[in-house]
Amino acid sequence: MTAIVSEKRTGNALVRAWRYLASFDGLTKTAMWVLLVLFLSALFGRVLGLGGSPTDIVGRRLAPPSLEFPAGTDSLGRSLLPRLLEGITTTLLLSAVAVALTAVIATFCGIVAGYRGGKTGGTIMRVGDILYAFPAIVLAILVAAVVGPGIIAALASIVLVTVPLMTRMVGQATRQVVERDFITSAVISGVTSRTIMTRHVLRNVAGTIAVQGTYALSVAILVEGGLSFLGYGVQPPGSSLGLLVQEGTVYMVTAPWLIIAPGAVLVVAILAINLIGDALRDRFDPREARRLT
């Protein structure tokens, strides 16, 4: 009986999720489909080995796109398609993991700062202001110089770049929630601060976290691309979109497809994420909704 009830609840949840996604406008749905296609193409490309191995030399150098090599070959004669799929996987996975860490850190710091206030909240916000004062790419390069080039440097850089803004936004949303009557009633009733923050405040700032998470993801992709382009991020023989763009700039005139393919994926991915973020912001805070003109 319990299993039947659980299945019904799961089915109802899926139906509600589908209806919620269907309620967005056509542009947002298109952006969602684009991200889904990028994710699935990268996933199945790696699992099924589409295009072959990203490290094998399979043809002549700098061959243009053809039926045999849909995205052409690079300067070593490697097919660009599997390298592109590997780059999409690396960039999206690295950015997603970094943003997940950012969400955890920023949510904790923002809720504590907004709920506690005083010296505790002020200290958290001032530290965030110091980090936010640095230009994103400069802070990322500083982290990479300390940690050393590689995936860890890219991960740490993205977290440090995206945490300050999300912390501030979550803190502001928390202060608004704390002023509501149900929070005052919970305090008067003797509910502990930990319970209030986790059970009441967190639920009411979830929309802010979701919106800021989408923007943080687009920033994360930019930071990873910038670091890899400068040689501080993903290192060869690995691939990322930023690294592929960097390798393609050397042959921009003779083999433009080397830079067009990863560059186009970067632009499309960031545009799609920003469109989804705008839609979520308008959904969770309709007072700030605006039309594109």
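**Salt bridges and nonpolar cores**

In this predicted model, a network of salt bridges links Asp74, Arg78, Arg83 and Glu247.

Visitor: Which residue forms a salt bridge with Arg83, and is that residue buried or exposed?

Guide: The closest N and O atoms of this pair are 3.4 Å apart. Arg83 and its partner both count as buried. The partner also meets the side chain of Arg78 in a salt bridge, at 2.8 Å from N to O. The residue asked for is Asp74, and Asp74 is buried.

Visitor: Which parts does the pair of Arg168 and Asp129 tie together?

Guide: Arg168 and Asp129 form a salt bridge, with their closest N and O atoms 2.4 Å apart. Arg168 is partly exposed, at 26% relative accessibility, and Asp129 is partly exposed as well, at 28%. Because Arg168 and Asp129 lie in two helices, the pair ties together parts 39 residues apart in sequence: helix H6 and helix H4 (residues 118–133).

Visitor: How many salt bridges does a search of the whole structure find?

Guide: Among them are the bridge between Arg168 and Asp129 and the one between Asp74 and Arg83. For the whole structure, the search gives a total of six.

Visitor: Which helix gives the most residues to the largest nonpolar core?

Guide: The largest nonpolar core holds 31 residues, and those with the most contacts inside it include Ile111, Ile196 and Val201. Helices giving two or more residues to this core include H3 (80–116), H6 (151–178) and H9 (206–230). The greatest contribution, eleven residues, comes from H6.

Note on methods. Residues are numbered from 1 along each chain as its sequence is written. This is a predicted model: local features need pLDDT of at least 70, side-chain atom pairs count only at pLDDT 80 or more; totals for chains, interfaces and linings use all residues. Side-chain values use heavy atoms; hydrogens and water are left out. A nonpolar core is a set of buried Ala, Val, Leu, Ile, Met, Phe, Trp, Tyr and Cys residues joined through side-chain atoms within 4.5 Å. Buried means under 20% relative accessible area, exposed over 50%, partly exposed in between (1.4 Å probe, protein chains only). Helices (H or I, at least four residues) and strands (E, at least two) are DSSP runs, numbered from the N terminus. A salt bridge is a side-chain nitrogen of Lys or Arg within 4 Å of a carboxyl oxygen of Asp or Glu.
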